Amino acid sequence: MKKLLSLALSLALVLSFAACSNSASSTPDSSSDEQSSVVSQAVEGLWSTATYTENAEVGEGEKTVEMTVTAEDKSVVITVKTDAETVGDMLRETSVATGSESDYGLFVDTVNGIKADWDTDGTYWGFYVDGEFSSVGVDSVDIPTDGALNIAFNLEKDNG
């Protein structure tokens, strides 16, 4: 009797899955819209803690740093005006990125309010200077006095 009941329930479950897949495939536009909505919600979720969700200008000073922040498929440019000598000092001054102090300087774990958590999901903030991955930390990058500096923080994930 138990075997018969298990078989009947299994059959009902299989038929309900088949019915769901048929109704979803009969309206491809709604399936596409649902997928877009899920992707949109994921980005909004990640960006829900962001300080700036649109391009912005912050700080005061004679020097200009164009800072691009990219996480998933969204980017914003934060133009930072500063008198700081290094990128690390600028970040501390404006709080557009935060982290912990180490023997090597500022270890950035939060940029624009978005936290990367290596221990939880293998994410980290890749630091780029003039389009190239930086081989040094933020405290070792000087801000030129006679021009602008372009930096970027990209939320990246270790796939290893």
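Me: Which residue stands opposite Ile114 in β6?
Reply: Val111 does. This is a predicted model, where local features need pLDDT of at least 70, side-chain atom pairs count only at pLDDT 80 or more, and totals for chains, interfaces and linings use all residues. Residues are numbered from 1 along each chain as its sequence is written, and side-chain values use heavy atoms, leaving out hydrogens and water.

Me: Thanks! How many bridges link β5 and β6?
Reply: Two, in the antiparallel sense. Strands (DSSP E runs of at least two residues, numbered from the N terminus) count as paired if DSSP finds at least two bridges between them.

Me: And what is the strand order in that sheet?
Reply: The open, antiparallel sheet runs β4-β5-β6, with β4 and β6 (114–115) as its edge strands.

Me: Switching to α3: which residues are buried there?
Reply: In α3 (87–94; helices are DSSP H or I runs of at least four residues), Val87, Gly88, Met90 and Leu91 are buried, meaning under 20% relative accessible area with a 1.4 Å probe, protein chains only. They cover an arc of only 160° around the axis, from the directions to the C-beta atoms, which puts them on the same side of α3.

Me: What do they pack against?
Reply: Several strands, including β2 (63–71), β3 (74–82) and β9 (148–157), with contact meaning heavy atoms within 4.5 Å.

Me: Is β7 mostly enclosed or open?
Reply: Largely enclosed by the rest of the structure, because six of its seven residues are buried. Seven bridges join β7 to β9, antiparallel, and Gly126 stands opposite Asn154 in β9.

Me: Where does Tyr128 pair?
Reply: Its bridge partner is Phe133 in β8.

Methods: Buried < 20%, exposed > 50% of the residue type's maximum accessible area, 1.4 Å probe, protein only.
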